[in-house]
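Let's take a stroll through this structure, one stop at a time. Have the 3D view open as you read.

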Amino acid sequence: MGMGKAFVAVSDDGSGILMNPAGISHIKSWIAFSMYSNLFNEVQYLTLTYSTPFSFLNQKYGFGFAAVRSGITNIPSPSQFGLVYFDYHNDVYLLSLSYPINEALSAGLNYKIFDQGFTGGVSSLGTGHDIDLGVKYTVSDRLVLGLNLQNILPFDMGGRINWDYGYTEGIPAVAKIGAALTDFEGRLLMAVDYDMWLTRKASPAYHAGLEWELNPMLTVRAGLDQNFSSTATNNGVNPTLGLGFYLSGFRFDYAYHPYYAESSNVTHFFSLSYTPPQLSTGEAAARKEVMGVTIGEPADKSVVYQDRITIGGFVLNNRIRTVAINDKKIPIGPDNMFETEEALALGKNVFTVAGLDAAGKTTIEAQSLRILRLANFPDVSKTYWAKDAIEQVATLGFLETPAGKPFGPDKTVRRADVLKTLIRLSGISLPREIKSLPFKDIGLNSWLAPYLKAAYDAGLITAGPDRKFNAARPVTRLESIVMMVRFSKFALPKVQERPFADLSVRHWAIKEITAAKQEGLLEFATINLYPSQQLTRAEFAYMLSKTPMAAPKIKELLKWE
């Protein structure tokens, strides 16, 4: 609520059953959730949910149950005997099942039972059922998309409310589409939703919200919830605010939600949930709790660029006297806070975090804080087209450029450097003794001689009529393509049409060029290849990152599990 109801792509807690049932497919432990509100100071509103993971035939699922009850009491109604009073209730019961199709995609289904009615001076009862279908897709560690199709059972298949006096009414179907984006540290969450009526002529509604984790115990929220009003002077865009407090598995949330700019319509929502404290209660916030030690910064699996980081947090367990990080003992301050600065190597860094008691023994089994440090360069901007490839190959040491120094993305690459890099990546052994070389411009004692000999003997390079390698000459795009395709051992395809406009299908290297394009090495070339153009360092880094020699290592670098 505090995020303006923008939750379809977030859906990661006990309320996920209501917003997107696909969200409970990845919960780690059971969650009990409750929410209460007095809508418009008239309607009593209560929600109770329970979600839990379970396994069946070696497949993990998420299961949930929810009950939503709302109602008004003592509603006056005129009759022949004067005023009579009646009560109204509108209850919904949900059974939810979700399934993680793969690491990125999950789906969920709600079966809903409706129970509405009037009791007292006016008496009537209506019942019905319907279904919801939800999908969640993780595009990246930062971006998640969500879709929830609510009440999609057709009228003639039972998607309706049947009243005991013979009247039947349909249940409006709604499509909710959402996106959620987190920052690199996982502390700021931004979400937007778009609601569209499927069976009713009504304007769509938008929702937007922000969630900011101030520390592992406190979260603040703000949002905009659009509810169209029947009055022409008010578009029904309502600002919302929220607050979340976490402690030892318990989570208390508060939301402030006015409606239609009317002070009398201000509604306050209160919710309380619980999940076992040894598990994360919000993976989107990326908190890491270790044996009563809560790490406030950085978040687990953070991606950083600096060579040093500050690790800080606070201690919740009074048995802990010292925090140990990679066996380095960190004192705890009088406010139960601790902080230390640690050096980071390029690539993956793992810090073992433990809470030590007065005897210096670990209170509970230690766990890990994982940080990935990528190489960065002042001349490669955040929006540069080859930024990711440059950072990745440099971090893994494929291109020898010190982090923090200029990379020179537009500079050329020597033929010798391309050959040396490919030999190192391919794992080809260098000869111990060199008695002859097919290239007359490279001496037997040259540092390049072992690389040339190894590549030549493996059939990866050939000597031209002039028997010169021209090691110091900048490599062209065409030369680099041929070398990379041979080193990568790509299958050469049959070519029926030219891959680039400036090439003939009879070009001597048309098969190598086509193979490189099909394998994704040449995304930077669109209409024309310009084969004789000198290769830049940025293009070289990009091509390297797509080869079978480098791509698996990059994938391993970017994943922790």
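Our first stop is helix α7, made of residues 537-546, where 9 of the 10 residues are buried. Keep in mind as you look around that this is a predicted model. The buried residues of α7 are Arg537, Ala538, Glu539, Phe540, Ala541, Tyr542, Met543, Leu544 and Ser545. What do the buried residues of α7 pack against? They have four helices for company: α2 (387-395), α3 (415-426), α5 (477-488) and α8 (551-558).

Next, hop over to a sheet. Here 5 strands line up in the order β19-β25-β24-β21-β22, forming an open sheet with mixed pairing. At the edges you'll find β19 (302-304) and β22 (328-331); each has a single partner strand, so one side of each has no neighbour in the sheet. Going from one strand to the next, the twist averages 30°.

Now zoom in on one pair from that sheet. Strands β21 (residues 322-325) and β24 (residues 347-356) run antiparallel, and 4 bridges join them. If you'd like one bridge to look for, Ala324 has Ala354 in β24 as its partner.

Last stop: Thr267, which sits in strand β16 (residues 262-274). Is Thr267 buried or exposed? Its relative accessible area is 0%, and buried means under 20%, so Thr267 counts as buried. Which residues is Thr267 in contact with, leaving aside neighbours within four places in sequence? One stretch of contacts is Ser37, Asn38, Leu39 and Phe40. Thr267 is also in contact with Ala255, Tyr256, His257 and Tyr259.

Technical notes: Residues numbered from 1 in each chain as written. Predicted model: local features only at pLDDT ≥ 70, side-chain atom pairs only at ≥ 80, totals over all residues. Heavy atoms only, no water. Buried < 20%, exposed > 50% of the residue type's maximum accessible area, 1.4 Å probe, protein only. Helix = DSSP H or I, 4+ residues; strand = E, 2+ residues; numbered from the N terminus. Contact = heavy atoms within 4.5 Å. Pairing = 2+ DSSP bridges. Axes fitted to C-alpha atoms, helices over the stretch in contact; angles between N-to-C directions.
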